[in-house]
Amino acid sequence: MEKHEALANATHDAAHAAAHHGHHEAHELPNLLAILKEHFPDLPGLDFLLQWQNIFFSALAALLISAVAIRAARRKSLIPDSLRNFVEILMEGIAGFVTGILGEKHAPKHIPFLGTLFFYVLFMNWFGMIPFMKAPTSAWSTTAALGLITVVYVQAVGIREQGFAHYLKHIAGNPSTLVGWLLLPLMFCLNIILEIIAVPFSLSLRLFANISSEDRLLLKFAELNTAFNYMPFVFQIFANCLVILFSVIQAFVFMLLSTVYIALLLPHEHEHPEHDEASAHAH
Amino acid sequence: MEFFQTNIIPAEVVVQILAFLIVFFTLRKLAWKPVLESLEARRSKIRGEFESIEAAKKEIEALKAEYAASLQKIEDQARAKLQEAIDEGRRISREIQDKARLESQATFEKAKENLAIEVAKARISLRREIAEIALDASEKVLREKMSDDKKQQEKILSIIEEMEKAL
């Protein structure tokens, strides 16, 4: 009971603290830094960390992933131990999924990027649910950074795989008829907006909106717990289950869309003419 | 625009980009590549082992068939040799029988000849004995009395004839 009140108080104080900094109002559970600020307001460096808290927790997520993955990767033996086995299952699952979309030829180059993106986003999402942690993906700055990286990566892949001339032609809407050439300026602008400007916006806003909503959800359910004293943790457990699920879905969607963007910019294979014909008919 | 300004902090975006790039390059080099490579190596090793097992199985099958064939061949040969030996035995026994029959025939013939010779010999020696006896008898008769010559001669002649008939 006391804990819940403390939680509520801390939330309240964190809201005040945040309001002081002018970043945002309290709409998530208090994290380690906010609690420290409440109890030891004069701790050196704390204000700096609070100001950069998203980066602080991103770095924690990055360290966690790197530590586990590198530790597992170092254990080279014919029969893998449990940690290695676990990491292998995750990596192989991602690799299989990406290969299914990009094909055997192109997938191996992009698996590390897409896989890292997935696990990084996933752990940052989950941090919103872990006590004293904060989900850095509930801030648009974090997701915007990821969206920008993705769009740059995708366009770079497009240029490298198709060649710059083909890439330009693709951006110009592959003009082949007179109408196509007449519409070139329009198509060019449209494709620039669609593929270069809209992509990071859609990726980053989707993730940011979903995860910040999850955080609000967690906060509201925690408040419900304090309101109904006879049902401690029931709401919280329910909310946690939802957050576990939605965090996976959001990380997966981020990776899936990035994979699809890459797939759309890969040169079209002409090895299966009947397949191309079928897809042309479908269009 | 206000939403944009309150939510996007350019410096944070830049640092987040750098953070992700560091994580990405670190993990690509130290985690993804080694793990995926070792997975591929393991996969190819297992595939190779399965293939070699399959090959060994086929080899064993071939060897088995070969052994079965050679075993059958050996059996056939043994049977043929046995049959040959039986035939040879039969032939030899027939030969032995034939030979024995011929030999016994020859022995029989020879014995018959010997018997005939012996009979002839006996007949000759008997004749000689009879002649001697006859001479003895005639001597006796002559010594007794030669009164009635004619009668005596006839008597002697009849005795000789009787003797000849007896032979």
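Two salt bridges are counted between chain A and chain B in this predicted model. One of them joins Glu88(A) to Arg42(B), with the closest N and O atoms 2.7 Å apart. That pair runs from helix 5 of chain A across to helix 2 of chain B. Both partners are tucked out of sight: Glu88(A) is buried, and so is Arg42(B). Arg84(A) joins in as well, so to speak, since Arg84(A), Glu88(A) and Arg42(B) are linked in a network of salt bridges. In the other cross-chain pair, the side chains of Glu92(A) and Arg43(B) come together at 2.6 Å, N to O.

Polar contacts add to the picture, with nine residue pairs found across the interface of chain A and chain B, both residues being at pLDDT 80 or more. On the chain A side, the elements that give two or more residues to the surface touching chain B are helix 4 (53–74), helix 5 (82–126), helix 6 (140–162) and helix 9 (184–227). Helix 5 of chain A gives the most, at 14 residues. Sorted by class, the side of chain A that touches chain B holds 28 nonpolar, 10 polar and three charged residues.

As for the extent of the interface, chain A puts 41 residues into the contact and chain B puts in 30. Between them the two chains bury about 3200 Å², and 77% of that falls on carbon and sulfur atoms. Three residues stand out on the chain A side: Met91(A), Trp140(A) and Ser141(A) supply 18% of the area that chain A buries against chain B, more than any other three residues.

Next comes the nonpolar packing. In soluble globular proteins, nonpolar side chains tend to be buried together. The largest nonpolar core here has 57 residues, and the members that touch the most others are Phe113(A), Tyr120(A), Leu146(A), Ile262(A), Phe20(B) and Leu27(B). At least two residues of this core come from each of helix 3 (46–51), helix 4, helix 5, helix 6, helix 7 (164–171), helix 9 and helix 10 (234–265) of chain A, and from helix 2 (10–144) of chain B. Helix 5 of chain A again leads, with the largest share of the core at 17 residues. Leu27(B) gives a close-up of the packing: leaving out residues up to four places away in sequence, Leu27(B) touches Ile65(A), Ser66(A), Ala69(A), Ile70(A) and Thr116(A), along with Trp32(B) from chain B. There is also a second, separate core of nine residues, among them Leu29(A), Phe221(A), Ala239(A) and Val243(A).

A polar residue can be shut away too, as Thr150(A) shows: with 0% relative accessibility, Thr150(A) counts as buried. Thr150(A) sits in helix 6 of chain A. Once neighbours within four places in sequence are set aside, the contacts of Thr150(A) are with Phe113(A), Leu117(A), Leu203(A), Phe254(A) and Ser258(A). Phe113(A), one of those partners, is also among the best-connected members of the largest core.

Chain B is put together simply, from three helices and zero strands. Along the sequence the pattern reads α-α-α. Out of the 167 residues of chain B, 10% count as buried.

Back to charged pairs, now over the whole model: the count reaches 15 salt bridges over all chains. Some of these stay inside a single helix. In helix 9 of chain A, Lys220(A) and Glu223(A) lie three residues apart, about one turn of the helix, and their side chains meet in a salt bridge at 3.6 Å, N to O. Lys220(A) is partly exposed, with a relative accessible area of 48%, and Glu223(A) is likewise partly exposed, at 34%.

Chain B has a pair of this kind in helix 2, where Asp98(B) and Arg101(B) are separated by about one helical turn because they are three residues apart. The closest N and O atoms of Asp98(B) and Arg101(B) are 3.4 Å apart in this salt bridge. Asp98(B) is partly exposed, with a relative accessible area of 36%. Arg101(B) has a relative accessible area of 51% and so counts as exposed, the cut-off for that class being over 50%. Glu88(A) and Arg42(B), by contrast, make their salt bridge between chains with both residues buried.

Terms used
Residues are numbered from 1 along each chain as its sequence is written. Chains are lettered from A and ligands numbered from 1 in the order in which they are written. This is a predicted model: local features need pLDDT of at least 70, side-chain atom pairs count only at pLDDT 80 or more; totals for chains, interfaces and linings use all residues. Side-chain values use heavy atoms; hydrogens and water are left out. Contact means heavy atoms within 4.5 Å. Buried area is the accessible area (1.4 Å probe) that two parts lose on being put together, summed over both. A salt bridge is a side-chain nitrogen of Lys or Arg within 4 Å of a carboxyl oxygen of Asp or Glu. A polar contact is a pair of N or O atoms within 3.5 Å; within protein, one must be able to donate a hydrogen and the other to accept it, and residues adjacent in sequence count only if both atoms are side-chain atoms. Helices (H or I, at least four residues) and strands (E, at least two) are DSSP runs, numbered from the N terminus. Ala, Val, Leu, Ile, Met, Phe, Trp, Tyr, Cys and Pro count as nonpolar, Asp, Glu, Lys and Arg as charged, and the others, Gly among them, as polar. A nonpolar core is a set of buried Ala, Val, Leu, Ile, Met, Phe, Trp, Tyr and Cys residues joined through side-chain atoms within 4.5 Å. Buried means under 20% relative accessible area, exposed over 50%, partly exposed in between (1.4 Å probe, protein chains only).
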